[in-house]
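Hi,

Here is the structure I promised to pass on. Have a look at it first, and then read my notes below.

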Amino acid sequence: MMEDNGAGNMMKIKVSFGGNNFDVFTSPQSTFGDLKREIAKATGVDPKAQTVLFRGKESDDHESLQTAGVKDNAKVVLIENKPTKNEDLEKVEEVKENIEEISRGLEAVNRVREENHQFAEQVVILETAVCCGTKIEDKDFIYLTEMLMRQLLKLDGIDAEGDGRMQRKLEVRRVQGLVEKLDNLRAKNSNLTSNVQDESSYLSSSKNQEGEVSKL
């Protein structure tokens with residue numbers, strides 16, 4: 001709140017609000033909209049929720065105080081416009097819609113995430129094979145890369161807000177990381193000269209081994 005009566009370029013406005021009186025200071029060239037913003041600083045009442053009466057009349061926000069005849073030490077009355085029940089209901093419905101939208105986005109991201117778990121497992125199996133010196137056919141790297149790129153397109157098509165948007169970004173980074181790992185494995189695999197083993201048979205043997213372990 002600016003207060004500069006000594007300089008002579010500010011005027012004091014007396015505000016009556018709910019049985020209380022206080023002063024605000026503003027320039028004589030100010031509008032009623034400017035006055036409301038000064039009142040908001042003192043009361044916390046949003047300017048849009050304010051009705052300011054001078055001589056029992058409400059003026060337009062763009063009207064200057066001088067035009068309306070407001071002078072130093074003039075008195076105005078502030079009325080806070082409380083939201084109606086209909087407005088409250090509209091806000092509640094709006095919040096519900098936002099929550100539902102966020103929920104839909106999260107569910108869509110989670111569905112793609114579950115699919116990505118399977119692709120991530122296949123990347124791990126290929127990584128294990130290559131690190132053990134087993135050469136994998138190049139087409140298998142190409143296939144997995146294409147499938148992951150499709151997952152990125154799915155994520156890009158999800159309309160998500162709030163936490164859903166954040167989860168979507170995290171999942172996009174995860175898939176991009178898997179694609180990068182595949183590229184590195186493919187390069188490493190191309191340098192292998194050991195026996196070539198079909199990826200499907202390697203996957204099958206890995207799953208069988210996991211099944212045997214789970215029985216123990």
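Let me start with something to look for: which residues of α4 are buried? Bear in mind that this is a predicted model. My list for α4 has D140, F141, L144, T145, M147, L148, Q151, L152 and L155 as its buried residues. They sit on the same side of α4, because the arc they cover around the axis is only 160°. Turn to the other side of α4 and you find K139, R150, L153 and D156 exposed. The general rule behind such a pattern is that an α-helix has 3.6 residues a turn, so residues three or four places apart point the same way. The length of α4 (residues 138-156) agrees with expectation too, because 19 residues at 1.5 Å a residue should span 27 Å and the end C-alpha atoms are 28 Å apart.

Now the sheet. It is open and mixed, with five strands in the order β2-β1-β5-β3-β4. The edges are β2 (20-26) and β4 (57-58); each has a single partner strand, so one side of each has no neighbour in the sheet. As for the mixed pairing, β1 and β5 run parallel, paired over four bridges, whereas β3 (residues 50-54) pairs with β5 (residues 74-80) in the antiparallel sense, also over four bridges. If you want to check the register, I13 has A74 in β5 as its bridge partner. Two further pairs to look at are L53, which stands opposite V77 in β5, and Q50, which stands opposite E80 in β5.

Then there is α1 (residues 32-43), which lies across β1 (11-17), β2, β3, β4 and β5 and runs at about 125° to β2. What do the buried residues of α1 pack against? They pack against β1, β2, β3, β4 and β5, and also against α2 (65-68). The residues in question are F32, G33, L35, K36, E38, I39 and A40; note that K36 and E38 are on that buried list.

Both ends of α1 deserve a look. At the N-terminal end, T31 acts as the cap, with a side-chain oxygen 3.3 Å from the backbone nitrogen of G33. After the helix comes G44, with a positive phi near 80°. In between, the 12 residues of α1 reach 16 Å from first C-alpha to last, close to the 16 Å expected at 1.5 Å a residue.

Tell me what you make of it.

Cheers

Note on methods. Residues are numbered from 1 along each chain as its sequence is written. This is a predicted model: local features need pLDDT of at least 70, side-chain atom pairs count only at pLDDT 80 or more; totals for chains, interfaces and linings use all residues. Side-chain values use heavy atoms; hydrogens and water are left out. Two strands pair if DSSP finds at least two bridges between them. Helices (H or I, at least four residues) and strands (E, at least two) are DSSP runs, numbered from the N terminus. Contact means heavy atoms within 4.5 Å. Axes are lines fitted to C-alpha atoms, for helices over the stretch in contact, and angles run from 0 to 180 degrees between N-to-C directions. The expected span of a helix is 1.5 Å times one less than its number of residues. Buried means under 20% relative accessible area, exposed over 50%, partly exposed in between (1.4 Å probe, protein chains only). A polar contact is a pair of N or O atoms within 3.5 Å; within protein, one must be able to donate a hydrogen and the other to accept it, and residues adjacent in sequence count only if both atoms are side-chain atoms. The arc is that of the directions from the helix axis to the C-beta atoms.
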